[in-house]
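Hi,

Here is the structure I said I would pass on. Have a look at it first, and then read my notes below.

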Amino acid sequence: MASKFTPSIEDYLETIYQLDMGAGVKSTHIAEKLQVSKPSVHRAINTLAQMGLLTQEKYSQIYLTESGKAKAREVNCKHEILSRFLQETLAIPMETAEEEACKMEHGVSMETVARVEQLTIFLREQGKNEELHSRFAQK
């Protein structure tokens, strides 16, 4: 698994992780969710399989391996924490926060995301989010 994780690869992993309900995922569902062509999904599936992140029998369901699940959980966790920070702390609307979190998750370490989460929790516990929102609105 020495290959570099590109944002595209991470998006595929995260999507498979989110779609998987224990019975595997169909490539058509991945294409629909990511709004990409089936050939693009096929290429990504081959890359992910070569990286040891998923398995798929020909024309069958796609399953993440344990290492694939671990990486997908990491990307998904980053996304959720960043989206929550943008919404709760910066008062960014949900749709925009989701889009921005998707872009940010690829360029930030788990250590940094953990600190963002700590700040979000701290501000929430201190009741500071509403104060910050009103201050931002005044600017």
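**A salt bridge to start with**

Glutamate 100 and lysine 103 form a salt bridge, with their closest N and O atoms 3.8 Å apart. The two residues sit three apart in helix α5, so about one helical turn separates them. Glutamate 100 is partly exposed, because its relative accessibility is 33%. Lysine 103 counts as exposed, because its relative accessible area is 58%.

Before going further, please keep in mind that this is a predicted model.

**The overall picture**

The protein chain has seven helices and two strands. Going along the sequence, the order is α-α-α-β-β-α-α-α-α. The C-alpha atoms fill a box of roughly 55 × 25 × 25 Å along the principal axes. Of the 139 residues in the protein chain, 32% are buried.

**More salt bridges**

How many salt bridges does a search of the whole structure find? The count is seven. One that I would look at is between the side chains of glutamate 10 and lysine 71, at 3.4 Å from N to O. This pair links distant parts of the chain, with glutamate 10 in helix α1 (residues 7-19) and lysine 71 in helix α4, 61 residues apart. Are these two partners buried or exposed? Both glutamate 10 and lysine 71 are buried.

Helix α4 also holds a salt bridge between the side chains of glutamate 74 and lysine 78, at 3.8 Å from N to O. These two are four residues apart in the helix, which means that about one helical turn lies between them. Glutamate 74 has a relative accessible area of 27%, so it is partly exposed. Lysine 78 has a relative accessibility of 5% and therefore counts as buried, the cut-off being under 20%.

Back at the pair from the top of this email, glutamate 100 is partly exposed at 33% relative accessibility. Elsewhere, salt bridges that share partners join Glu10, Lys71, Glu74 and Lys78 into one network.

**A negative patch**

Next, the surface. Which residues form a negative surface patch? They are Glu80, Glu95, Glu98 and Glu99. Helix α5 (residues 94-104) supplies the largest share of the patch, with three residues. Glutamate 98 is located in helix α5. With a relative accessibility of 33%, glutamate 98 counts as partly exposed.

**Two residues with positive phi**

Now for some backbone angles. Most residues other than glycine have a negative phi, so the next two residues are worth a look on your screen.

Glutamine 35 is not a glycine, yet its phi is positive, at about 55°. You will find glutamine 35 in the loop between α2 (27-34) and α3 (38-50). Its relative accessibility is 73%, so glutamine 35 counts as exposed.

The other is alanine 91, again not a glycine, with a positive phi near 60°. Where is alanine 91? It lies in the loop between α4 (66-88) and α5. Alanine 91 counts as partly exposed because its relative accessibility is 40%.

**Two buried polar residues**

Threonine 120 belongs to helix α6 (residues 110-126). At 3% relative accessibility, threonine 120 counts as buried. What does its side chain reach? The side chain of threonine 120 comes to 2.9 Å from the backbone oxygen of valine 116.

Asparagine 76 is in helix α4. Its relative accessible area is 10%, so asparagine 76 is buried. Asparagine 76 and leucine 34 are 42 residues apart in sequence, and their C-alpha atoms are 15 Å apart in space.

**Where to click**

If you only have a few minutes, start with helix α4, where lysine 71 pairs with glutamate 10 of helix α1. Then follow the network that joins Glu10, Lys71, Glu74 and Lys78. After that, go to helix α5 for the negative patch, where three of its residues are found.

Cheers

Definitions and conventions
Residues numbered from 1 in each chain as written. Predicted model: local features only at pLDDT ≥ 70, side-chain atom pairs only at ≥ 80, totals over all residues. Heavy atoms only, no water. Patch = residues over 30% accessible without salt bridge, like charges linked within 9 Å, V, L, I, M, F, W, Y side chains within 5 Å. Areas by Shrake-Rupley, 256 points an atom, 1.4 Å probe, with all protein chains shown as cover. Salt bridge = Lys/Arg side-chain N within 4 Å of Asp/Glu carboxyl O. Lys, Arg positive; Asp, Glu negative; His and termini not counted. Charge placed at Lys NZ, Arg CZ, Asp CG, Glu CD. Buried < 20%, exposed > 50% of the residue type's maximum accessible area, 1.4 Å probe, protein only. Polar contact = N/O pair within 3.5 Å; in protein donor to acceptor, adjacent residues only side chain to side chain.
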